[in-house]
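I opened this notebook to keep a record of what I looked up in one structure and in what order. The entries follow my reading, residue by residue and then outward to the whole chain.

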Amino acid sequence: MAHIVVLHGLYMHGLVMKPLASRLRRKGHTIQVISYNSVRINEALLFKRIRNCLSETEKNVIVGHSLGGILAVHFVNSHNDKHTSIDSIVTIGSPLQGSSIAKEIQSRKFGFILGNSKEQGLVDVNQLTVDCPIGSIAGTMSIGIRSSIIRDKVPSDGTVTVEETLLPELKDHLCLNYSHTSLIYAKQTVEQIDHFIHHHEFKKVVEERESVEC
């Protein structure tokens, strides 16, 4: 079992992660959900809060949705306490290569609505610089704001494209047939997170109606 720190995404609150946290808790894990201001991110304060949540006796895992996954990567890159090392990260719908929607909003001079999340990796490509397994889960149900902002047929979860969830440093990558928000409420997401925590890889045999490999 693991001690899991859960981070939400842009414009969200920790409350939206409660169902996922409850299901992971039923798997035997201990959970800490952290809320933060996603458009006025105080990185030093947020990272201090994450450090304070880590366990010295259980293996630590960070699970982040969207922007939360990006911040998880940034945190692990800066974390060097051997007593509370991070065993793995699981990102859910996180644009690790930068968000094309965020870039488009910025190009239209509306970048102010993103706050300082732009400088926290929402626009730039992220990179893991330490040895920590990352599992990235992408959605393929294209229901969301992307179609109204960027009119293309690129596979996406309606907000983040599948390609944006990829990085060379990933330990594993999996696509599930859910939208950007519904990913965090899907039982299949919880099953895959739990499997990655135990094996550092996702379960490849899943129901075709719920998920596809990519």
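**Entry 1: T91**

Is T91 buried or exposed? I note before anything else that the model I am reading is a predicted one. T91 is buried, because its relative accessible area comes to 0%, where the cut-off for buried is under 20%. I placed T91 in strand β4, and β4 covers residues 86-92. I then listed what T91 touches once neighbours within four places in sequence are set aside, and found G64, G69, L96, I134, G135, S136 and I137.

**Entry 2: I193**

I137, which I had just met among the contacts of T91, came up again when I turned to I193. I193 is found in helix α6, which spans 187-199, and I193 is buried, with a relative accessible area of 0%. Its contacts, leaving aside neighbours within four places in sequence, are L20, L24, V63, V90, I92 and I137. For the pair I193 and I137 I also looked up the C-alpha to C-alpha distance, which is 8.9 Å across a sequence separation of 56 residues.

**Entry 3: the nonpolar cores**

Which residues touch the most other members of the largest nonpolar core? They are L46, I50 and I62, in a core that counts 34 residues. I checked which elements supply at least two residues each to this core, and found β1 (2-7), α2 (43-53), α3 (67-78), β4 (86-92) and α4 (100-107). Of these, α3 gives the most, with 7 residues.

I followed I62 further, leaving out residues up to four places away in sequence, and wrote down its contacts as V5, L7, I50, A72, F75, V76, I86, S88, I89 and V90. There is also a second, separate core of 24 residues, and this one includes A2, M17, I31 and L176.

**Entry 4: T84 and S78, both set against E58**

I looked at T84 next, which has its place in the loop between α3 and β4. T84 is buried, with a relative accessible area of 6%, and it touches L54, S55, E56, N60 and H79 when residues up to four places away in sequence are not counted. The C-alpha atoms of T84 and E58 are separated by 8.7 Å, with the two positions 26 residues apart along the chain.

I set beside this the pair S78 and E58, which are 20 residues apart in sequence and 20 Å apart in space, C-alpha to C-alpha. S78 lies in helix α3 and is partly exposed, at a relative accessible area of 43%.

**Entry 5: positive phi**

Where in the chain does S66, a residue other than glycine with a positive phi, have its place? S66 sits in the loop between β3 (59-65) and α3, and its phi is near 55 degrees. I also checked how covered S66 is, and it is buried, with a relative accessible area of 8%.

H200 likewise has a positive phi, of about 55 degrees, although it is not a glycine. H200 is found in the loop between α6 (187-199) and β7 (211-212), and at 22% relative accessibility it counts as partly exposed.

**Entry 6: the whole chain**

Stepping back, I counted 6 helices and 7 strands in the secondary structure, and from the N terminus on the elements run β-α-β-α-β-α-β-α-β-α-β-α-β. For 214 residues a compact globule would have a radius of gyration near 17 Å, and the chain, at 16 Å, agrees with this. The C-alpha atoms fill a box of roughly 50 × 40 × 30 Å along the principal axes.

Of the 214 residues, 53% count as buried. Among the contacts with a separation of 6 or more, 76% join residues 24 or more positions apart.

My last look was at surface and charge. The chain exposes about 10,000 Å², of which carbon and sulfur atoms supply 51%. There are 23 positive and 22 negative side chains, and the centres of the two sets lie 7 Å apart.

Definitions and conventions:
Residues numbered from 1 in each chain as written. Predicted model: local features only at pLDDT ≥ 70, side-chain atom pairs only at ≥ 80, totals over all residues. Heavy atoms only, no water. Helix = DSSP H or I, 4+ residues; strand = E, 2+ residues; numbered from the N terminus. Rg over C-alpha atoms; globule rule 2.2 N^0.38 Å. Buried < 20%, exposed > 50% of the residue type's maximum accessible area, 1.4 Å probe, protein only. Contact = heavy atoms within 4.5 Å. Areas by Shrake-Rupley, 256 points an atom, 1.4 Å probe, with all protein chains shown as cover. Lys, Arg positive; Asp, Glu negative; His and termini not counted. Charge placed at Lys NZ, Arg CZ, Asp CG, Glu CD. Core = buried A, V, L, I, M, F, W, Y, C linked by side-chain atoms within 4.5 Å.
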